[in-house]
Every structure is written in structure tokens, then in C-alpha cells.
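Q: I would like a close look at a single part of this model, please. Pick one element and walk me through how it sits among its neighbours, after a quick word on the overall picture.

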There are 2 protein chains.
Amino acid sequence: MKINRQLIGFKNSFTLESGKILSRFELMVDTYGELNSDASNAILVCHAFSGNHHAAGKHETDATEGWWDQMIGPGKAIDTNKYFIVCPNNLGGCAGSTGPTSINPASKEPYGGDFPVVSVSDWVNSQKLLMEHLGINKWEIVIGGSLGGMQALEWSLSYPHLVNKAGVIAAAAKASTQNIGMNEVAREAIRKDENFHDGNYLAMRTKPKRGLKTARMLGHITYLSEEHMNLRFGRKVQNEDTKIDGYVDFEIENYLKYKGEKFSDSFDANSYILMTKAMDGYDPASKKNGNLTKAMEPIKAKLLIVGFETDWLFPAKRGKEIQAAAMNANVLSSFVILPGNQGHDSFLFHTPEYEKILSNFIES
Amino acid sequence: MKINRQLIGFKNSFTLESGKILSRFELMVDTYGELNSDASNAILVCHAFSGNHHAAGKHETDATEGWWDQMIGPGKAIDTNKYFIVCPNNLGGCAGSTGPTSINPASKEPYGGDFPVVSVSDWVNSQKLLMEHLGINKWEIVIGGSLGGMQALEWSLSYPHLVNKAGVIAAAAKASTQNIGMNEVAREAIRKDENFHDGNYLAMRTKPKRGLKTARMLGHITYLSEEHMNLRFGRKVQNEDTKIDGYVDFEIENYLKYKGEKFSDSFDANSYILMTKAMDGYDPASKKNGNLTKAMEPIKAKLLIVGFETDWLFPAKRGKEIQAAAMNANVLSSFVILPGNQGHDSFLFHTPEYEKILSNFIES
């Protein structure tokens with residue numbers, strides 16, 4: 001599989017939905033496979049909130065395979081022998097694209113807390129510029145899970161003539177009150193870390209690692225299914241020798257702390273806040289007085305909507321809402337509920353049934 | 001209604017389940033109504049994790065009515081004209097009973113992080129001493145919601161001959177993996193507050209208020225029903241003039257922060273950790289190789305088990321597990337699922353149906 005990783009600069013100023021302007025920006029982009037001669041085989045893969053451009057394969061600088069390697073590759077559901085797959089790190093992220101850790105050209109310091117609010121629409125608009133840069137006239141498919149699914153939906157709404165198919169997986173047309181509440185608890189943990197300094201921690205040569213760890217521990221619980229947690233960890237007591245700290249009693253505590261700790265080493269706290277705020281803010285129906293059907297009427301793409309039975313972050317019924325609106329808006333759509341025993345994270349994991357549904361949709 | 005509030009001292013040393021010993025302790029206790037001549041009308045009400053002895057009425061020093069005032073009072077479901085109701089603040093709490101904020105007789109400083117781990121059994125054993133002190137030979141009823149329900153269940157197990165009836169409301173026979181995970185996120189937020197100082201913050205003349213606020217925000221989400229949150233707050237944007245801080249966008253964010261802030265003013269962080277650890281650790285079946293039926297065989301009391309449809313902290317199915325074990329163990333029990341649109345907190349709120357079920361059980 002041909003992996004091409006590039007940092008692409010966009011030199012014109014870019015106006016965000018908020019009205020704020022970035023004088024220029026860069027996107028870190030992976031592409032897999034090759035664009036065919038009439039540029040008709042391009043697939044855009046949009047990442048979820050803590051994902052990045054590294055969706056598949058293992059570049060020489062990568063420690064592991066990409067986050068959707070089970071689905072993207074030669075002969076896989078998203079077949080790199082046939083398709084040219086594009087996956088950018090989102091604007092505002094922390095894996096190479098312009099974001100809070102980048103240098104603000106105005107101040108010559110990291111943006112930090114001054115990085116502007118970014119929305120799902122902003123991502124789609126920046127990906128539109130990327131599309132033009134790569135010489136792609138139309139996406140065969142735009143696809144993603146969770147926050148990536150919101151981007152796929154928004155693509156089909158914002159640029160109906162530029163998308164043949166959209167795959168909206170483990171997503172919702174808007175965050176629920178509980179989603180927002182959970183995200184705010186996570187953000188509160190970060191902001192109240194003594195090292196947060198109103199987002200300007202890099203200038204202070206520090207990082208709010210503790211807050212980020214707590215935030216991720218909570219996030220992690222919402223990504224797993226309750227049943228899976230019960231089966232895997234139950235009420236098992238953590239072995240004394242492998243306790244992460246003296247406060248641990250149960251295995252689940254140790255596991256969450258380990259995961260949180262690891263995440264806090266690599267992720268940026270301002271990006272965490274920005275990404276969750278984009279998720280909370282997404283609500284295309286709000287532009288049509290809360291009427292999702294009206295919002296979806298412009299869509300030309302065929303939709304695949306996938307929900308997972310054990311997902312409690314964006315339960316399958318949230319996908320059903322999208323499909324109901326699609327049907328009322330005369331948008332061609334399929335809606336599938338898969339068992340997926342990994343909760344919300346099921347969208348990341350291969351099962352034969354899941355693969356078949358994706359490949360049937362892609363080849364249809 | 002006669003309200004009597006007293007601080008009762010227990011001068012003998014008290015050995016905890018952990019093996020640790022308290023050389024003496026005090027319990028802050030409310031009683032309502034009057035004990036009859038043969039001491040046969042006593043009801044023990046056990047509080048939930050952030051509750052206290054003030055269950056009903058309004059004592060001259062109280063700002064508000066007690067936490068179960070809707071159910072306890074003259075002519076109410078738990079009728080103070082007929083019964084003598086006892087409600088102690090649990091050992092390890094922060095509302096007057098001996099706990100982490102009390103002075104350690106050994107060091108003459110507040111216990112702080114040195115206060116020993118306390119279990120549900122320890123509470124029941126301390127309440128047994130209280131029972132003797134009050135001259136009660138047998139409880140007509142022991143009743144409580146949430147962690148209070150765990151105490152009611154444990155009373156019926158530990159002292160089968162001292163309990164006629166036990167009301168186990170919105171509770172579970174053990175915390176789930178997800179319950180433990182959520183509690184650990186809350187504890188992590190507290191411990192990683194810069195003012196926590198390993199629990200010895202009082203000696204440092206400070207309090208981990210920020211961590212406690214974050215912990216309570218998360219807790220609060222788990223107490224509410226998702227549907228209720230959607231109906232009450234939805235995605236409503238907070239009015240600019242009433243924002244608690246500049247980070248708030250949605251009403252739900254403001255509400256959680258307001259509630260968290262208020263809680264962090266009054267509650268003690270070490271008690272928060274201690275109470276949630278007691279909840280996580282409770283598992284009577286563990287003493288019988290995980291067999292709850294075996295654990296429940298000694299029970300002589302008649303059980304009322306109540307679950308609420310919208311409760312996702314201890315869902316109604318957790319009550320059903322208790323009832324199934326009761327049936328297998330030949331323990332007389334009734335199990336009722338009520339709609340309760342307040343989620344887990346439904347156990348606190350009066351509805352005619354809920355009141356009828358409680359009073360029928362009490363009068364049966």
C-alpha cells in the first residue's frame with residue numbers, strides 16, 4: 001500500500017464560522033493508494049475527536065498501525081488497490097495540522113488558549129480546500145465514525161454536488177444534553193488543572209496533564225459498553241505489584257488511569273477542549289428551526305448510517321433519527337444496527353458483518 | 001413533629017471491617033416522633049452518599065427541609081405520628097458524626113487522609129450501637145435509597161433477628177464496573193486538585209474545592225435521567241448575564257457548574273472519597289463465592305425492593321437481581337419498578353404511587 005504523508009500549506013486567509021480569521025494554515029494529510037486518471041476514486045476519511053491523519057498502514061515514523069487499519073488497506077473494506085484515500089488531521093488538532101500548539105504568526109508564540117473556536121463546518125470547508133489542492137472534483141465517498149460521522153453528514157449537506165456517498169457511523173445529528181454535560185465535566189477537569197493557565201500553558205513551559213488524564217478517564221468510560229466492561233473487568237481486584245498508584249483497588253481503576261496517563265502524554269489539552277466543543281456545537285437542524293428533515297433536503301449523496309447496539313455515547317437510536325429525516329427529505333439512505341460489543345468504539349473494530357456492510361455500500 | 005437532634009458519643013473502641021480501630025466515635029442523629037412504650041415502632045432511615053442525618057422537618061438551625069421530607073412527617077408515608085424515626089449521619093461523613101474533618105485523638109489534628117476506610121458493614125455495626133443506646137430491641141423497618149438501600153440490605157443480612165422489614169430503594173447488591181469507573185474519575189479529580197495534599201488539606205488550611213466541584217458535576221449527571229435532562233435543558237444556550245464563567249455555552253453546563261460549586265462549599269473531599277469507596281466495595285455475595293442467594297439466606301425480614309425506570313446509576317434490573325436472589329433464598333419480597341422521571345434521584349421525590357407503595361409496605 002502506498003502511504004504518502006504530507007504537510008500541505010494553505011496560504012490564503014481562512015474565515016471560520018465564528019467570523020475569526022486564520023491568516024494561513026497547514027494540514028497534515030495521509031493518502032493511501034493512487035488517484036486514478038479521471039480523479040473519480042477518491043474517498044475522504046474523517047477522524048473522530050482524538051484521532052488524526054494516520055488512519056491506516058505503518059509509515060516509517062509510526063509506532064503502530066493507523067486507527068482504521070482494520071478497514072483500510074489492499075483488499076480491505078476501503079480498498080487501497082481501487083481507491084485513493086485521503087485522511088487529514090483536523091484543523092485545531094495536535095498531530096501536525098495548524099492548532100493550539102502551532103505558532104501564531106501574529107505573536108510568534110504558540111496559539112494556546114487564543115486559538116479560535118473551530119466547528120464541524122470549518123473542518124468541512126478546510127477539507128474542501130484540501131480537495132481542490134489534490135485535484136479531486138468529487139468525493140466518491142466521505143466517511144467517518146463519531147465526530148467523523150458528523151463531518152461526513154455535514155459534507156453531504158454543505159456540498160451536495162461534491163459527494164456521491166456519505167458514511168455516517170456511530171454518530172448523531174447533534175450532541176445530547178448528557179453528551180454536553182459529560183464533555184463539560186472533562187473540560188472542567190482540564191481547565192481547573194493548576195497548569196492550565198487559561199490555555200497558555202505552553203508559554204509557561206508546562207502542561208495540564210492531570211486534568212487531561214481525568215478527562216480521558218471519563219471519556220474512556222463513555223466509549224466502552226457497560227457489558228464489555230463488566231465482562232472484561234467486573235469487580236476484579238488489581239494485583240498489588242501492578243498498581244499504578246496507591247489509591248487503586250479495582251482493575252477497572254488501574255486500566256482507566258493507565259489509559260488516561262498515556263493519553264495525557266501525547267494529546268494537547270486545548271485541542272481536547274476545541275474538539276469536544278465542535279462536537280457539542282454541531283446541530284445542522286438549528287439553522288432550520290430545529291427541523292432536521294428541512295436541513296437534509298439539499299443532500300444528493302446516498303447515505304449509509306450505522307449504529308451499534310452497545311454504544312451509549314451516540315446510541316443507535318441517534319442514527320435512526322438521521323435516517324428518519326433522510327426518508328422524509330427523500331434522501332436515499334440505509335440504516336444498519338450492528339451488535340458491536342465495544343460500545344461506541346465499535347466503529348473502530350472489524351467484524352465480518354461490519355466489513356461487508358461497508359464494502360457493499362462502497363461498491364454499490 | 002418532634003425533631004430531636006443529638007450528638008451521641010460512643011466511648012468504647014470500635015473495630016472496623018478493615019481491622020483498623022477507632023478509639024471512640026460520635027454520631028450526629030436526628031429522631032422524629034416518639035418511641036412507644038414497648039419500643040416497637042422504630043424505623044431506621046439510612047442516608048445516601050451525600051446525605052446526612054437531616055432527613056425531615058426543619059430544625060431551628062436548618063436552612064431547608066430534610067432530604068426525605070416529602071416522605072417523612074405527620075400523615076406522610078413514614079408517619080411520625082405512629083413511628084419513631086432515627087436517622088444518623090454516617091460514620092466518616094461530614095455533617096457532625098466522626099469523620100475525616102474530626103480531630104484525631106491521637107494527633108490532636110484533623111484525621112484528614114488518615115481517617116480509616118469505612119464499609120457498609122461498619123455503618124450497620126455503628127448503627128447497631130446507636131440502636132442499643134436508644135433502647136430499641138428491634139427495628140420495625142430499616143429503609144434507604146441508593147447507598148442507603150445497601151445499608152438496609154446489609155442490616156437484614158447482618159442482624160436478621162433485629163429487622164422486621166427492609167426497604168431497598170434505587171440500590172444494587174454491588175456496584176457495577178461502570179459505577180466504580182465513574183466514582184474513580186470523581187476521586188481522581190479530587191486527588192489531583194493541587195489543594196488535596198494527600199487528604200491532609202485541613203492541616204494546610206485549604207480545601208480541594210475545584211476537584212470536588214468536578215467530581216460533583218459528574219455525579220450529578222449520573223443522578224439525573226437522560227430524558228429529563230433533554231426535556232429540561234436540551235441544547236438551550238445560557239443567557240449571557242447569568243453565566244457562571246466565560247467558558248459556558250449551554251444551560252446544562254451552567255447548571256452542573258452551579259450545582260458543583262455549591263456542593264464543594266459544603267461537603268468534605270475525604271468524605272466524598274470514603275463514601276464512594278464504601279459504595280464500590282459493598283458486595284455481600286463476595287463472602288459466598290459470588291452467590292447472592294447464599295448470602296441472602298439468613299434474612300428474616302420482609303423486603304421491599306424499588307427500582308426506577310429512568311435510573312441509569314442503579315437501573316431497575318439491579319433491584320431485580322436482589323429480588324431473584326431473595327426468591328431463591330426463600331426470603332419474602334416485593335419488587336416494584338416505578339416510572340420516576342428524575343433518574344436515580346427519583347428515590348428522593350414524592351409521587352402518589354411511590355408514597356402508596358411505601359405506606360402499604362410499612363403498614364402491611
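**A close look at helix 10 of chain B**

A: Happy to! To set the scene with chain A of this predicted model, its secondary structure amounts to ten helices and twelve strands. The radius of gyration of chain A is 20 Å, in agreement with the value near 21 Å that a compact globule of 364 residues would have. Along the principal axes, the C-alpha atoms of chain A occupy a box of roughly 60 × 50 × 45 Å. Buried residues make up 55% of the 364 in chain A. Among contacts in chain A with a separation of 6 or more, 69% join residues 24 or more positions apart.

Now to the part itself, in chain B. Helix 10 of chain B covers residues 352-363, twelve in number, and spans 16 Å from first C-alpha to last, close to the 16 Å expected at 1.5 Å a residue. Three of its residues, Tyr354(B), Leu358(B) and Phe361(B), are buried. Viewed down the axis of helix 10 of chain B, the buried residues lie within an arc of 65 degrees, so they line one face of the helix. The general background is simple: an α-helix has 3.6 residues a turn, so residues three or four places apart point the same way. On the face turned away from the buried side, helix 10 of chain B carries the exposed residues Pro352(B), Glu353(B), Lys356(B), Asn360(B) and Glu363(B).

What lies over that buried face? The cover of the buried residues of helix 10 of chain B includes strand 7 (78-79), strand 10 (163-169), strand 11 (302-308) and strand 12 (333-338) of chain B. Strands 10, 11 and 12 belong to an open sheet of eight strands in chain B, with the order 1-4-8-5-9-10-11-12 and mixed pairing. Strand 12 is an edge strand of this sheet, as is strand 1 (3-10) of chain B, and each pairs on one side only. On average, neighbouring strands of the sheet are turned by 20 degrees against each other, direction ignored.

Other helices meet this sheet too. Helix 9 (residues 316-328) of chain B lies across strand 10, strand 11 and strand 12, at about 160 degrees to strand 11 of chain B. Helix 2 (residues 147-158) of chain B lies across strand 5 (42-46), strand 9 (139-145), strand 10 and strand 11, and runs at about 150 degrees to strand 10 of chain B.

Elsewhere in the sheet, strand 4 (residues 25-32) and strand 8 (residues 84-88) of chain B form an antiparallel pair over four bridges. In strand 8 of chain B, Ile85(B) is the bridge partner of Tyr32(B).

How values were computed
Residues are numbered from 1 along each chain as its sequence is written. Chains are lettered from A and ligands numbered from 1 in the order in which they are written. This is a predicted model: local features need pLDDT of at least 70, side-chain atom pairs count only at pLDDT 80 or more; totals for chains, interfaces and linings use all residues. Helices (H or I, at least four residues) and strands (E, at least two) are DSSP runs, numbered from the N terminus. The expected span of a helix is 1.5 Å times one less than its number of residues. A residue is buried if 20 or more other C-beta atoms lie within 10 Å of its own, exposed if 12 or fewer, and partly exposed in between; C-beta atoms are placed from the backbone. The arc is that of the directions from the helix axis to the C-beta atoms. Two residues are in contact if their C-beta atoms, placed from the backbone, lie within 7 Å. The radius of gyration is taken over C-alpha atoms; the globule rule is 2.2 Å times the number of residues to the power 0.38. Two strands pair if DSSP finds at least two bridges between them. Axes are lines fitted to C-alpha atoms, for helices over the stretch in contact, and angles run from 0 to 180 degrees between N-to-C directions.
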